[in-house]
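Here is the note you asked for, written as numbered points that you can follow with the structure open beside you. Please read each point slowly and look for the residues as they are named.

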Amino acid sequence: QKNVCQREREKLRKKELAWKKEYQFNMNQLTIRIHALKEQNTNFVQQITSLKKDIEAGSELVIHLRKQSSLDKDESEYICDELNNEIMDLDNLIINTQVKLVKLQDTLDEMKPVFVDLEKQYADKQLYYEQEKKSNRREKR
């Protein structure tokens, strides 16, 4: 009877160790993935912030250049042509920056479900392992 109990205890101990190893591995993998996605998310947010600042700066520069274009008539023809070219370049830059911003926002929006899903998987695994832990404790008794 004692040997049977001892063997059962050993079997349970081996299962518990295997379970703990698998749990730790899965938790490490999820943690690594979450960290990587958070880092990527932070980079996207920084890029978006930078692009928004560029758009604001470009818009201010366009306003400034448009004010300059109202100089007196003698100078204005030459300056106007130059300023209009710069304005067009800046407008193109703003449009391109806005396109990049939209693309980055889309990428960020695409990453959100992945991140939310990973957090849900993490929570599900945590709940599963807690239940397994309780179940193993009951089996030991």
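What share of the contacts in the protein chain with a separation of 6 or more comes from residues 24 or more positions apart?

1. The model is predicted, and that should be kept in mind throughout. As for the opening question, residues 24 or more positions apart account for 86% of the contacts in the protein chain that have a separation of 6 or more.

2. It helps to begin with the overall form. The protein chain has two helices and zero strands, and along its principal axes the C-alpha trace spans about 110 × 15 × 15 Å. A compact globule of 141 residues would have a radius of gyration near 14 Å, whereas the value for this protein chain is 31 Å.

3. The surface can be described with two further values. Of the 141 residues of the protein chain, 19% count as buried, and the accessible surface comes to about 11,200 Å², with 52% of this area belonging to carbon and sulfur atoms.

4. The next topic is the inside of the model. In soluble globular proteins, nonpolar side chains tend to be buried together. In this model the largest nonpolar core has 13 residues, and the members that touch the most other members are Ile48, Val62, Leu65, Leu101 and Leu104. The elements that give two or more residues to this core are H1 and H2, and H2 gives the most, with seven residues.

5. Leu101 deserves a separate look, since it is among the core residues that touch the most other members. If its neighbours within four places in sequence are left aside, Leu101 is in contact with Ile48, Leu51, Lys52 and Ile55. One of these partners, Ile48, is also named among the core members with the most such neighbours in the core.

6. The aromatic side chains come next, and the count is four aromatic pairs. The rings of Trp19 and Tyr129 have their centres 5.5 Å apart and their planes at 65°, so this pair is edge-to-face. Because Trp19 lies in helix H1 and Tyr129 in helix H2 (residues 73–140), the pair ties together parts that are 110 residues apart in sequence. Trp19 counts as buried, at 11% relative accessibility, and Tyr129 counts as buried too, at 2%.

7. A further ring pair joins Tyr128 and Tyr129, whose ring centres are 5.2 Å apart and whose planes stand at 70°, so this pair is edge-to-face. Tyr128 is partly exposed, with a relative accessible area of 41%, while its partner Tyr129 counts as buried. Ring pairs link Trp19, Tyr23, Tyr128 and Tyr129 into a cluster.

8. Charged side chains are the last topic. Side chains of opposite charge can pair when their charged atoms come close. A search of the whole structure finds four salt bridges, and one of them is formed by the side chains of Lys11 and Glu8, at 3.7 Å from N to O. Both residues lie in helix H1 (residues 2–68), three residues apart, which is about one turn of the helix. Lys11 is exposed, with a relative accessible area of 51%, a value that passes the cut-off of over 50%, whereas Glu8 is partly exposed at 41%.

9. Which residues are linked with Glu16 in a network of salt bridges? They are Arg13 and Lys20. Arg13 forms a salt bridge with Glu16, the closest N and O atoms being 3.3 Å apart, and these two residues lie three residues apart in helix H1, about one turn of the helix. Glu16 also forms a salt bridge with Lys20, where the closest N and O atoms are again 3.3 Å apart. Because Glu16 and Lys20 are four residues apart in helix H1, about one helical turn separates them.

10. Within this network the exposure of the residues is worth checking. Glu16, at 12% relative accessibility, counts as buried, since buried means under 20% relative accessible area. Arg13 is partly exposed, with a relative accessible area of 39%, and Lys20 is partly exposed, with a value of 39%.

Key: Residues are numbered from 1 along each chain as its sequence is written. This is a predicted model: local features need pLDDT of at least 70, side-chain atom pairs count only at pLDDT 80 or more; totals for chains, interfaces and linings use all residues. Side-chain values use heavy atoms; hydrogens and water are left out. Buried means under 20% relative accessible area, exposed over 50%, partly exposed in between (1.4 Å probe, protein chains only). Rings of Phe, Tyr and Trp (its six-membered ring) pair if their centres lie within 6.5 Å; planes under 30 degrees apart count as stacked, over 60 as edge-to-face and the rest as tilted. A nonpolar core is a set of buried Ala, Val, Leu, Ile, Met, Phe, Trp, Tyr and Cys residues joined through side-chain atoms within 4.5 Å. Contact means heavy atoms within 4.5 Å. The radius of gyration is taken over C-alpha atoms; the globule rule is 2.2 Å times the number of residues to the power 0.38. Accessible areas come from the Shrake-Rupley method with a 1.4 Å probe; for residues, only the protein chains shown count as cover.
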